[in-house]
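Take a moment with the sequence and the model below. Then follow the text through them, one part after another.

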Amino acid sequence: MGYRVAVVGATGLVGQRLLQVLEERRFPVDELRPLATSRSAGRRVRFAGSSWAVGEASVAALAGVDIAFFAASGEVSRQLAPEAARAGTVVIDKSNAFRMDPAVPLVVPEVNGHALAHHRNLIASPNCSTIQLVVALKPILDRFGLERVVVATYQAVSGTGAAALDELEAEVRAGVEGRTHPPQVYPKPIAFNVLPHCDRFEAEGFTLEEWKLMRETRKILERDDLPVTATAVRVPVRVGHSEAVWIQTRDEATVEELRRVLAAAPGVVVEDDPQAGAYPTPLAVAGRDEVFVGRIRRDPTTPRAFWLWIVADNLRKGAATNAVQIAEALVGAKARAR
């Protein structure tokens, strides 16, 4: 049996990846409704070998939909998602609008898929940098416990959207040609640069992106007491977020034990032989759905402390693929309940 599926934000980078991943994974779509804001309505998108007209996102356009993927702004999600959920549509929302709502499960299927059992037709998909972090932390937490997590991210410009990718390309071209290109998406040039500034600055000098990482990680891992702190940095990379992660385990562990636990975890690929040049990079993992971990090493300054290097495609596992995996888990649970 197929499903009536809507993709809100179908013309954006994540929306386009959602359509691609739905097709690749052969999700049972009987009827597709690609939707967007009035600015993008009327454009066309490709799915399953056909061209589909994009409609304007509205409560009426979502009527009768079984599953709606929201890949638009938080404002659009706040306006439409609750109404759609009340009407019986299962909403899987990628925005920040509902992630920290106690009544809304925040789900990474490999980590806390059990949280889906309590959804009320509204499910949040975490921030892209959070997803890859918790996929790697969960097996370590289960086996050795965690006492502290410190994260520094190196985030691709595609996390900001298509306009940011265009800006990177224009700045690179201008730099090579000896010209300047005034930035419009970011407050400073991103080409040949790094910006310790992802999203707006908020309380205590942290950015919203950093607060997302800290708060969402604790919620997903069901460890409100876990100390997590972060610095989020934008780098001139098209696709793929990287993270340098410092952890302190509760129990004694060795580097080899961490490698084994991670290698056995769902959705994780260990690529860790630096002497042979084996470690994950954004360029290499683009287009993949797994979370890659390398540079696993002990911190000699602190007991039970280790460093990890974690890389994932932010548009796929960090956004589209995670949302589709949530839908697949719901469909699988429904099939088992019959």
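What follows walks through helix packing, then empty space, then one loop residue. Keep in mind that this is a predicted model.

Start with packed helices. Two packed helices are described by the angle between their axes and the distance between the axes. Those two values open each description below.

Look at the helix α1, residues 13-24, and find its partner α9, residues 316-337. Their axes lie 9 Å apart, and the packing angle is about 50 degrees. An angle under 35 degrees would count as roughly parallel, and 65 to 115 as roughly perpendicular. This angle falls in neither range, so α1 is oblique to α9. The crossing of α1 past α9 is right-handed. On the α1 side, the contact is made by V14, R17, L18, Q20, V21, L22 and E24. On the α9 side, R316, A319, A320, T321, A323 and V324 take part. By class, this contact between α1 and α9 holds eight nonpolar residues, two polar ones and three charged ones.

Next comes α4, residues 128-144. This helix packs against α7, residues 255-263. Here the axes come within 9 Å and cross at roughly 120 degrees. That angle makes α4 oblique to α7. The crossing is right-handed. From α4, the contact draws on A136, P139, I140, R143 and F144. From α7 come E257, L258, V261 and L262. Seven residues of this α4 and α7 contact are nonpolar, two are charged and none is polar.

Helix α4 also packs against α6. What angle do α4 and α6 make, and how far apart are their axes? The angle is about 40 degrees, and the axes are 10 Å apart. Again α4 passes its partner, α6, in a right-handed crossing. The α4 residues in this contact are S129, T130, L133, V134, L137, K138 and L141. The α6 residues are E209, K212, L213, E216, T217, I220 and L221. The mix in the contact of α4 with α6 is seven nonpolar, three polar and four charged.

Now turn from the helices to the gaps. Rolling a probe the size of a water molecule over the atoms shows where empty space is left. Two kinds of space come up here: a pocket and a cavity.

The largest pocket has a volume of about 1200 Å³. It is lined by 43 residues. Which of them lie closest to the pocket centre? They are A71, A72, G159, T160 and G161. Several helices contribute to the lining of this pocket. At least two residues each come from α1, α2 (74-86), α5 (162-176) and α6 (208-221). The pocket lining divides into 16 nonpolar, 19 polar and eight charged residues.

How many cavities of 30 Å³ or more are there? The count is one. The largest cavity holds about 30 Å³ of space. Its lining consists of V14, L18, F69, F70, I92, K94, A319, A320 and A323. Some of these names are familiar from the first helix pair: V14 and L18 of α1, with A319, A320 and A323 of α9, also belong to the contact between those helices. The elements α1, β6 (67-70) and α9 each supply at least two residues of the cavity lining. The largest share, three residues, comes from α9. By class, the cavity lining has eight nonpolar residues, one charged residue and no polar ones.

Finish with a single residue, R200. Where does R200 sit? It lies in the loop between α5 and α6. Leaving out residues up to four places away in sequence, R200 touches F206, T207 and L208. Now compare R200 with E210. These two are ten residues apart in sequence. In space, their C-alpha atoms are 9.9 Å apart.

Key. Residues numbered from 1 in each chain as written. Predicted model: local features only at pLDDT ≥ 70, side-chain atom pairs only at ≥ 80, totals over all residues. Heavy atoms only, no water. Axes fitted to C-alpha atoms, helices over the stretch in contact; angles between N-to-C directions. Helix = DSSP H or I, 4+ residues; strand = E, 2+ residues; numbered from the N terminus. Parallel < 35°, antiparallel > 145°, perpendicular 65-115°, else oblique. Left-handed = near helix turned anticlockwise from the far one by under 90°. Contact = heavy atoms within 4.5 Å. Nonpolar A, V, L, I, M, F, W, Y, C, P; charged D, E, K, R; others polar. 1 Å grid on protein atoms, 1.4 Å probe; cavity = no way out; pocket = protein on both sides within 12 Å on 5 of 7 lines; lining within 4 Å. Points joined across faces, edges and corners; volume = space filled by probe spheres on them.
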